[in-house]
Each structure stands twice: as structure tokens, then as C-alpha cells.
Amino acid sequence: MIVVTGATGGLGGATVDHLLKRIPADQIGVSVRDAAKAQHFADRGVRVRQGSYEDPAALRDSFAGAEQVLLVSGNDPAADMVSLHRNAIEAAAAAGARRVLYTSQQGAVPGNPYPPSDIHIATEAILGDCGAAWTALRNGAYGPLDQVLGPWQRTGVIAQPEDGPVPYTDRADIAEATAVILAGDRSFDGPVTLTAPTAVTLDDFTKIASDLTGRTIKRILLDDEQWIADQITIGMPEQMARLMLTWYQAARAGYFAEADPLLAELLGREPRTAADRLAAHIAA
């Protein structure tokens, strides 16, 4: 039995879809906040149980019988995510899981100025003390590209703060590789990094966007505080803007620079590149 949390979300749901292609449905369980939203999995033979990181007793029930548990990390900025992740890890261990897997983040190392890194570092430390085997999937950045590039299609410019190389990664590739790890015979102990094959900068994106559209897209380097002011002007809360800025600061400091070949190895093919993702974004 493999139990996946967050299965009504993008990454967790896609991982379950890929698991269903590899192992029988009765060997898959999901732990979700709202079981009704996972009915499509129940209809395919997946065990669906209610569980949330705030309710350790429900988690233990939803993890019962699991040999492996995949914990999809939470991202609520108002919550104590380390404590909630601890609840989930302890529940998985108490349920007898042989291995706990956790969706961490590339660059989850001390000194990274991007605050979610601290959550992942602390959670990985809890995993190390949980008594079960564990794997931390340090996934490359797979969020929507427009969060990083801004409204360049409308303005013709990528006007963002100074950045650095990042192997922007396709979430679908991460989900497929996660299913390969869960369903496979090979053990991955401790942290492993899953990224696209090449790290690119916003300067690179400017050239890629120009080539794809036939337009001359320009890169404008904004001062950090000017960028913050611009984001507030268009309606982003200042706290969120400052959090986003730390991501650019981490990138420029090189915390996300290293691309890793493991994702391609797991997929048996080259993962989608930044250019592939941008082309799909333009087509959409």
C-alpha cells in the first residue's frame, strides 16, 4: 500500500494518476481533507480516507496499512507548517510505514534567503529522527512561469529584479518521477534533487521568448525596492511581494543553480525544458 497526501492538489493528484499506470489501484490510498473531492479516485478503486495535517488521529487512520507514505508539503503562509509536517511524519511512523517520502525544495540548505527553505530544512531534520526510512524530494521550481516572468506577453519586457540560473521544472515530470520512485524497487535515502536538465536566467528567457514569438522581448533589471513598489501598485500585498523577492535573491545567490540528471534518469527521457514550458504557455 502506497498512501499519497494532497491527492486533490496538482502534484499529489498527478502522482496518483501515474501510480495507477504502474500498480493495481487496490495498492494505492489517498489521504485528503475532503473525501468527496477524491471520488474520481475512489471510482477507479483507490482507497480514499479523510485526513489532514491538523488531525493526527485521522492521519493515522488514513495511513493504516501503508508501506510508503508520500507527504506533499503544505504551503499555508499563516500556518506553522513545521509542526503540521511533524504531525504527518509522526502519524506515518506510528502507522508502521516503512518509508516516508516528502516533497521538499531544491536548495533547502542553510543560508538560503527564501523562507520556505527553512521549513523544508526543519522538516527534513524531523524525517531523519522519525525512525522510518525517508526520502526528501528536493523538487526544482515548477510554479507557473508568469509568476516569475511577469506580464511580458502584454508589455514586451521581462521587468524583474536581478536573478540567477534556475532549472525551471515541469510539475508533470516531477509527478511522474515521484510515481516511478514510489512504485520502483530502487531505494532513495535522504535528500534527492529532481530538476529540469538546464538552469536558465531571465536573460535566457528573454531570448527564448523573442525566438518563440518573433518579437523583440527586452529584459529590464529593476531595483529590488522598485519592484516591490510596482507589485504593491498592481495589488500584491507587500508581505507576499517581499516573500517573492527573496526567491529572486536566492536565485541570484546561486541556491537554485545546479541542475541534476536524476529526473531524466527516472523518466527514461529528457524532461521538458524551460523553452518547452514557455512554448506551451504561449500556446495556451
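How many bridges join strand S4 to strand S5, and in which sense do the two run? In this predicted model, S4 (residues 68-71) and S5 (residues 99-105) run parallel and are joined by four bridges. Within this pair, Tyr102 in S5 is the bridge partner of Leu71.

The pair belongs to a broader arrangement. Seven strands form an open sheet with parallel pairing, and their order is S3-S2-S1-S4-S5-S6-S8. The edges are taken by S3 and S8 (190-194), each of which has a single partner strand, so one side of each is left without a neighbour in the sheet. From one strand to the next, the twist averages 20 degrees. Helix H1 packs on this sheet, where it touches S1, S2, S4, S5 and S6 (133-139). The direction of H1 makes about 155 degrees with that of S1.

Strand S2 (residues 28-32) deserves a closer look. On one side, S2 pairs with S1 (residues 2-5) in the parallel sense over four bridges, and here Val4 stands opposite Val30. S2 is also joined by four bridges to S3 (residues 47-50), again running parallel, with Ser31 opposite Arg49 of S3. Together with H1 (residues 10-20), strands S1 and S2 make a right-handed β-α-β unit. How much of S2 is buried? Five of its five residues are, and the strand is mostly covered. In a regular strand the side chains alternate between the two faces of the sheet. In S2, Ile28, Val30 and Val32 lie on one side and Gly29 and Ser31 on the other, and both faces are covered.

Elsewhere, helices H10 (residues 224-233) and H11 (residues 238-252) pack with their axes 9 Å apart, at an angle of about 145 degrees. Their crossing is right-handed. The H10 side of the contact consists of Asp224, Glu225, Trp227, Ile228, Gln231 and Ile232, while H11 contributes residues including Ala241, Met244, Leu245 and Tyr248. By character, the residues of this contact divide into seven nonpolar, two polar and five charged.

A final position of interest is Ala183, found in helix H8 (residues 171-183). Is Ala183 buried or exposed? Neither label fits, because its relative accessible area of 28% makes Ala183 partly exposed. Leaving aside residues up to four places away in sequence, Ala183 touches Ile2, Leu19, Arg22 and Ile23. Ala183 and Ala259 are 76 residues apart in sequence, and their C-alpha atoms are 24 Å apart in space.

Definitions and conventions:
Residues are numbered from 1 along each chain as its sequence is written. This is a predicted model: local features need pLDDT of at least 70, side-chain atom pairs count only at pLDDT 80 or more; totals for chains, interfaces and linings use all residues. Side-chain values use heavy atoms; hydrogens and water are left out. Axes are lines fitted to C-alpha atoms, for helices over the stretch in contact, and angles run from 0 to 180 degrees between N-to-C directions. A crossing is left-handed if the near helix is turned anticlockwise from the far one by less than a right angle, and right-handed if clockwise. Contact means heavy atoms within 4.5 Å. Ala, Val, Leu, Ile, Met, Phe, Trp, Tyr, Cys and Pro count as nonpolar, Asp, Glu, Lys and Arg as charged, and the others, Gly among them, as polar. Buried means under 20% relative accessible area, exposed over 50%, partly exposed in between (1.4 Å probe, protein chains only). Two strands pair if DSSP finds at least two bridges between them. A crossover is right-handed if, with the strands pointing away from the viewer, the path from the first strand over the helix to the second runs clockwise.
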